[in-house]
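I opened this entry to keep track of what I looked up in the model. Chain contacts and backbone oddities were on my list.

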Amino acid sequence: MAVDMRLPTVSKTVSLSVSAFDRKDLVVPGDVITSDTGFMRGHGTYVDEEKLTASVAGEVQRVDKLICVRPLKTRQVMSPKPFNGEVGDVVVGRITEVQQKRWKVETNSRLDSVLLLSSVNLPGGELRRRSAEDELTMREYLQEGDLISAEVQSVFSDGALSLHTRSLKYGKLGQGVLVQLSPSLIKRQKTHFHNLPCGASIILGNNGFVWLYPTPEQQDEEAGGFYTSLEPISLSDREVISRLRNCLLALATHKVLLYDTSVLYCYESSLQHQVKDILKPEVMEEIVLLTQHKLLEQEG
Amino acid sequence: MGWLSSLLENMSPMKLCVPGDKLCSVEDCIPGTGVYLRHGYIYSSLAGYVLRKNEGEELPVISVVRETEAQLLPDVGAIVTCKVTSINPRFAKVHILYVGSTPLKDRFRGTIRKEDVRATEKDKVETYKSFRPGDIVLAKVISLGDVQSNYLLTTAENELGVVVAHSEAGAQMVPISWCEMQCPLTHAKEFRKVARVQPEYLDA
Amino acid sequence: MASHHPATVGQTHVANQNIMAAGFKTAEPLEYHRSFLKENCRPDGRELFEFRTTTLNIGSISTADGSALVKMGNTTVICGIKAELTNPTVEAPGKGYIVPNVDLPPLCSSRFRPGPPGEQAQAASQFIADVIESSEVIKTEDLCIDRGKLCWVLYCDIMCLDYDGNLLDACVIALLAALKNAQLPEVTVNKETSSPEVNFEKRHSLRLHKHPVAASFCVFDDSILIVDPTAEEESLSTARLTVVTDEEDRLCSVHKPGGTSLSGEKLQECINRAAARQREIQKLTDKVVHSVKAAQ
Amino acid sequence: MPTDTKRVRGPEVSQSPSLVTSKPAAALPSSGPRADGRQRDQVDVRPVFVRCGLVSQAKGSAYIEAGNTKLMSCVYGPRETERKDETDMKCGRLTTDMRFAPFSCPERGSWIQGSQDRDFSLMLYESLQPAVCLHKYPRSQIEVSVMVLENGGSVLAHAVTCASLALADAGIEMYDLVLGCSVRQDGASYVVDPTYAEESGGSCGGSSEDAGGVTVAFLPSLNQISGLQSDGEMAGETLTAGVRTCIEGCYKLYPVIQQALLKAVRKAAPPPSES
Amino acid sequence: MATVQVSEAEKVYILHGIRDDLRVDGRGCEDYRHMEIETDVVSNTDGSAKVSLGHTAVLVGIKAEIGKPRPMVPNEGYLEFFVDCSANATPEFEGRGGEELGTELSNTLYKVFNNKQSLDLRALCISAGEHCWVLYVDVLLLQCDGNLYDAISIAIKAALFNTKIPRVHISSDEEGGKEIELSDDPYDCMRLQVESVPCIVTLCKVGHRHVVDATLQEKACSVASLIISVTHKGTVTCTRKVGGGSLDPESIFEMIEAGKRVGKALHAPLMKLLQQEESLGKKRQKVGFLG
């Protein structure tokens, strides 16, 4: 048995990058972004006495003549649902309800997302017509609690996301570990699916849900993506996954952007510690610093 | 336990059991109703009579039965008798009164959607021309529905539909076709999705 | 039309029979009852003016100062009396309290939900309180121990354990029997310390001045009168009436909560039947009370 | 204090006559035979009187009497869940409600359900739930209510037994019956199935290390404990021994309970014809 | 209780991990998560403590008030527990959900302290039959991430350690009436002997093994848990099975044994930490809620 009791310490984010306070592109509601009338008003802004003013706290973004403020979604994990999905985003989500012809999916968004029965590949071929029977047996494919990876297909007018899994890489997730983080920590990349060289795979959902799982031996022939193996995972794979999980949490605690390289460097930096010790504040600090050094070196 | 079962066998030719009684190994019988499996044995899940039936299989089916199948819930595929409570253009709401021939002690609600009223020309169905509140309808359970909705029922078979209906004059109407019924008093015709009339029933 | 399904034919037939025979009872309950009433009888085999078998059991709860369990057919009601000491009010320094409450817990029928008392329970409590007051079964003056200082409060808690109609009749029987069964310890006030002293060895019964009994009726289709309704009969009837009389045939209470109207003639008939019922029940109660006393 | 407008109210304060004579309750002796003649340190449960199927309105019901403890239980359902958010598509829902009649204890209780009643209801729920095949009743709820008519000690244990009988009587599918038994530890000695006086008197007198109560809910045929709770202070070994004693007590009760249930089955219907 | 959904495959993964004594976060079966304890965090209480265990965070405040002893025990003071499950902790506590859990938790706390050992209640008596100290123990759940019971019990013990009750002086006036005077000196106060205050250990049965300090995900895989409160000497003051499943008698006995062992071991480091914090006195930098 082990118990680690201690007095709390004031937590501070270790960061080698520019301090957030020095950044000019950060605004709070009411801040005047520009009084130049030549710009177009985008999300997160309003015009007050001809001045373009921020209506949310966040980062100013300029695309050509359009100015938007991208909200800083700093709240960790779960509460106030902060993910604003866009078409093409990769998400990891959990089925919360099976309804007629659709599943409700929790994706860390303001509103539950929707996966239509017509947006999934059912077993027996992609082009199979969906029958009334499929509608009544939807729960056999995906039921409450199941995790899926999916892509945002469209955004409804109320902001709810419509997902699809019409690709072999998407579908029901098997054994592994879900880590729920802030979406703002996920770096946008070409691919959000990575087989890490340390021996496990990762799906970095744009919605902040990160899925860690053992790298499959061979990309097995799809059973429509609804079959999951329940064979025990080896102890060594588990250790890697648990280590990665704790590394993700350490990086997130110190607000380090998550992508394959940062996760991998953090993993390497943590190797001198036992998995369960990684979450101790001083260890977190140490390995995150190490990681950031490595990242800076790599950037040159 | 041994003494008890022997005692009971002396008192009645039928064996009685309570929940949790080990009845036999799965190698001896096929589990029927009122039983469950655990570690290769069949146990009783009801207090009742143990019944072994040979149904043409190699092994007999073992079940535990009570006086009535009191706990029957509407299940997918079951034929139910229900009473229409309300109608709107999209569906009819009903109370399920019977599952098969067993009356339900508590009311369960069901929904017959417009598209499930009949098998053909589904898009031409008008719920008002199919059912009226108070009608007694035979239907089949197609799904337990979801959290938002009730049991989903269908009448899209010849034998399913309205069996008892009262006319505006208050008399019980007589079916005259698969879609019409007539009041014996006023001879007024009303539209219904009528269940196919059983000859046996007419003779009675 | 869709093709013929042999599998469903048999089932359909069964279901048709449901409707025509036993199903009648569930699907068209009012018609079902009417068909019996036409023949001057009721679905449970009783005649229109026949009460269900009434049994009484008293003193079975040792934690109560008095208790009684009444069964009228299926309807079961238990009454427990707890006597406690308190101060009389300034307005009535020479009087004690009687606090009757009727509870209809979810246990007794699926029609009652957990939580605070519903309308029916509130109405029943008020009815019992009215009967106690108007019949003067107990004079609250008898509950006074020391004028202005100390008196008894009798908590009469009545609980339904099986609700199959005619709650009020059963409640009144249970209340009276429990009151007759109640034994209160002797309480004296010490002159020096002016604090009460209780002598549990010496107990005495309550003085009951009257013996009210209730009889309930239901009206079907504005004209047919039946007595001692079951829960189903209550729900299908068009009006209900409860008449309470005492041993001198005096009317203590007439309770008719809405419904269709009733002729004076019919009302008189109800009162006559209630008076007859009073004799029956008083006899039963006294018999049981005596047999319990004899056994002690 | 909110006033209760839905009941006939009495005086604001009143006192039970037994509290007026402030005679401290005599500590019960912790040796020698018990007040009701039963043996100490032995699995000596009170004989129980059990009946099933008394309540006409309920789907199943049971009444149990052990010494002065009298309680009854009714089961309603399975019926549709009332609230949509409580509907479970895969599994039924069990609700329990345990209440004490106001006249059931030496001190008059309130009509309003106190936190103790809710605690009992919760423990009843946790003891019964493992035994009920809830997956057979999707999107429905099964309601169990228990009414204590007289509290003569070991109420929770008997409530568990009574409620499981009512469930079986209702024909709700169950993996096993659930039986309850309590033990009161008082120093080196213990009493099984304690009476009200033994329950409330023990904690005053004992000054030793071991003083407390254990209640176990047990599935006799599957040999599983579905409910366990203890309070007071006990060494680990005493607690373990107490649990074992309770299990033994449950086995003593088992034949009586089985008989009562079988009697109800036989009474309800003659054996079906074997066809 | 706050619940999370877990898919079947995730369950299998967690289950196998526990079988191999390697939990998802790298812990062994009997390891606690990192725990932070701070006392004296709310200034208008007589004693307070904040405990965080993983993401679970609870705050306990203790108020001492003068009341009347209970008639059955005239020479003792008493404790009152109230657990507030505010909707802040998890949205599930909105409405009745939080109320039910709050009652469950406070009822259990009464049982945990329903014995002679936990706290010397006689020390709380001011004058027998007339006045005593009543300690109102208010528990506030700030965040729920599993294992509430353990965190609450540790926070209560820490808050009781931190509690300072003003000394009272009883003087009689001429007519024989008694007057109670509270000491004005903030340092003239009474401390409680908290040595024997029990700690709760929740053992969660997952598969064929049990774990301590289960996360919400692990709890979702568990059929039943055993709550067991243990004093520093290893005396058990309360046990309770919670959750929907049943347990084998043998595994209950194993869990009692394990609970006793783990619970006993919690006390020493806790007391050491509390004394260390106390000895730092004003030098210690307070972290409070914004840390």
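**Annotated domain, chain contacts, backbone**

I began with the record for chain A. The UniProt annotation "domain: Exosome complex component N-terminal", from an unreviewed entry, covers residues 26–63 of chain A. I note that the model I am reading is predicted. Over residues 26–63 of chain A, I find 0% helix and 55% strand. The C-alpha atoms at the two ends of that stretch are 16 Å apart.

Next I went through the chain pairs. Which chains have the most contacts between them? Of the 6 pairs of chains that touch, chains C and D have the most contacts. I looked up two pairs that do not touch as well. Chain A and chain D share no contact, and their closest C-alpha atoms lie 9 Å apart. Chain C and chain E share none either, with closest C-alpha atoms 14 Å apart.

I then took the C and D pair in detail. Here 41 residues of chain C are in contact with 35 residues of chain D. On the chain C side, the elements giving two or more residues are strand 3 (75–86), strand 4 (97–103), helix 4 (119–135), strand 6 (150–162), strand 7 (183–189) and strand 8 (196–205). I also checked the classes: this side of chain C has 24 nonpolar, 11 polar and 6 charged residues.

I turned to the backbone of chain D. For reference, most residues other than glycine have a negative phi, and most peptide bonds are trans. I logged three places in chain D against that.

The peptide bond from D:G77 to D:P78 is cis, with omega near 5°. I place D:P78 in strand 3 (residues 69–80) of chain D.

D:R139 is not a glycine, yet its phi is positive, near 50°. I find D:R139 in the loop between helix 2 (115–128) and strand 5 (140–150) of chain D. Is D:R139 buried or exposed? It has 24 C-beta neighbours inside 10 Å, so D:R139 counts as buried; the cut-off is 20 or more.

D:D193 is the other non-glycine residue I noted with a positive phi, near 50°. Where is D:D193 found? It sits in the loop between strand 7 (189–192) and helix 4 (196–205) of chain D. D:D193 counts as buried because 27 other C-beta atoms lie within 10 Å.

I closed the page with a short list for chain D:
- D:P78 follows a cis peptide bond from D:G77.
- D:R139 has a positive phi and is buried.
- D:D193 has a positive phi and is buried.

Notes:
Residues are numbered from 1 along each chain as its sequence is written. Chains are lettered from A and ligands numbered from 1 in the order in which they are written. This is a predicted model: local features need pLDDT of at least 70, side-chain atom pairs count only at pLDDT 80 or more; totals for chains, interfaces and linings use all residues. Two residues are in contact if their C-beta atoms, placed from the backbone, lie within 7 Å. Helices (H or I, at least four residues) and strands (E, at least two) are DSSP runs, numbered from the N terminus. Ala, Val, Leu, Ile, Met, Phe, Trp, Tyr, Cys and Pro count as nonpolar, Asp, Glu, Lys and Arg as charged, and the others, Gly among them, as polar. UniProt positions are given in the numbering used here, feature names are shortened, and annotations may be inferred rather than shown by experiment. A residue is buried if 20 or more other C-beta atoms lie within 10 Å of its own, exposed if 12 or fewer, and partly exposed in between; C-beta atoms are placed from the backbone.
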